Amino acid sequence: MNEQNNDTQNEISLVDLYHIIRKNIVLIFAFTTLVAILAGVYAFVIADAKYASNADVMVQVEVDTAVEGSFDYSTAQKLLTTIAEYMSKDIVLDEVILDLDLDRTASNLRSNLTVTSSLTSYFINIKFIDEDPLVARQIVNSVIENAIDIANGNPAFTSLKDKITRTSFAQPGLYESPNKPLYLVIGIILGGIIGVGFVFIKEFLNNSYKTKEQLEAAFDIQVLGVIPTFEVKEDF
C-alpha cells in the first residue's frame, strides 16, 4: 500500500509539467534565442549563397527528312533516359572544363549538375548550381553545346546523332539556397525543444522533496507542521 502511495506521489501530472515549464520559462526562452541566433548567423553570414541556372533540350527521332513532321516518338521516348545519363558523363563534362578553362574535375561538376527527363514529354532539363550565377549559366550552356557536338561528331555515339535539339538557353542563375527563413524557423523550434528537454532533465535529476505529501509518502510519517513562506519587511 505504501509503495502504491509512493508511486502515486512520484508521478508527474500535466499540471506539474506546466508549473515546471512556467518556472523555467526564462531559461527555455534563453535556449530558444541562442539556437535561433546561431541558425541565423549560419544562414545569413556563414553559408555561401548558391544560384541555379537551367535550360532544356528536346529528343527528336526524325524518320524521313523529306516528309515534314515525320518523327518516331516511341524511339524518342526510349532514348530520354539514355541521353539524360549521357549528358552528365565524363566525355561531356571534360569538354566543358576545357572550353571554360575551369579548375574543377568532372566529378565536381557532376555533383552540382542535375539532368532530368520527363515521362510525359520529350524534354530534358539541365540544371547547375554554383556560387556564381554567371558561371552556372556558362556551364549549363556548355554542357548542352558539347553534348550535341559529341553526339553528332563522335562515331561512338551514332545512335544519338541528330537526336538532341536545344530548345532554350540558360540565363544567369537565380537564388537557390540557403533558405534563410526556414533556417530561422528550424532554429526557433530546435532551441525550444532543447530548452524544454534541459529543464525536464534538470528537474528529474533533482531528488529533493518539494511537498509534504512526498515526505509523508517516502518515510511513512505524518508531517506535523510546515513553515509558511512569508516576506520580512525591513524597518526604516
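Is Phe44 buried, partly exposed or exposed? Select Phe44: the residue is partly exposed, with a relative accessible area of 47% (buried means under 20% relative accessible area, exposed over 50%, partly exposed in between, with a 1.4 Å probe and protein chains only).

This is a predicted model, in which local features need pLDDT of at least 70, side-chain atom pairs count only at pLDDT 80 or more, and totals for chains, interfaces and linings use all residues. Residues are numbered from 1 along each chain as its sequence is written, and side-chain values use heavy atoms, with hydrogens and water left out.

Colour by secondary structure next. The protein has nine helices and five strands (DSSP runs numbered from the N terminus: helices are H or I with at least four residues, strands E with at least two). Along the sequence the pattern is α-α-α-β-α-α-α-β-β-α-β-β-α-α. Of the 236 residues, 28% count as buried.

Return to Phe44, which lies in helix α3. Add Ile37, Val41, Tyr42, Val45, Ile46, Tyr183 and Leu184: with Phe44 they form a nonpolar surface patch of about 730 Å² accessible area together. Two or more residues each come from α3 (25-46) and α8 (180-205), and α3 gives the largest share, six residues. Patch residues have over 30% relative accessible area and no salt bridge; nonpolar side chains (Val, Leu, Ile, Met, Phe, Trp, Tyr) are joined within 5 Å, like charges within 9 Å. Areas come from the Shrake-Rupley method with a 1.4 Å probe, and for residues only the protein chains shown count as cover.

Now select Lys180, in helix α8. Lys180 is partly exposed at 27%. Measure from its C-alpha to that of Ala39: the two are 8.8 Å apart in space and 141 residues apart in sequence.

Move along α8 to Glu203, whose side chain meets that of Lys23 in a salt bridge (3.3 Å, N to O). Glu203 lies in α8 and Lys23 in α2 (residues 14-23), so the pair ties together parts 180 residues apart in sequence. Glu203 is buried at 10% relative accessibility, whereas Lys23 is exposed at 57%. Glu203 also forms a salt bridge with Lys202, with the closest N and O atoms 3.7 Å apart. Shared partners join Lys23, Lys202 and Glu203 into one network. A salt bridge here is a side-chain nitrogen of Lys or Arg within 4 Å of a carboxyl oxygen of Asp or Glu; the count comes to six.

Another stop is the pair Lys89 and Glu85, a salt bridge at 3.4 Å, N to O.
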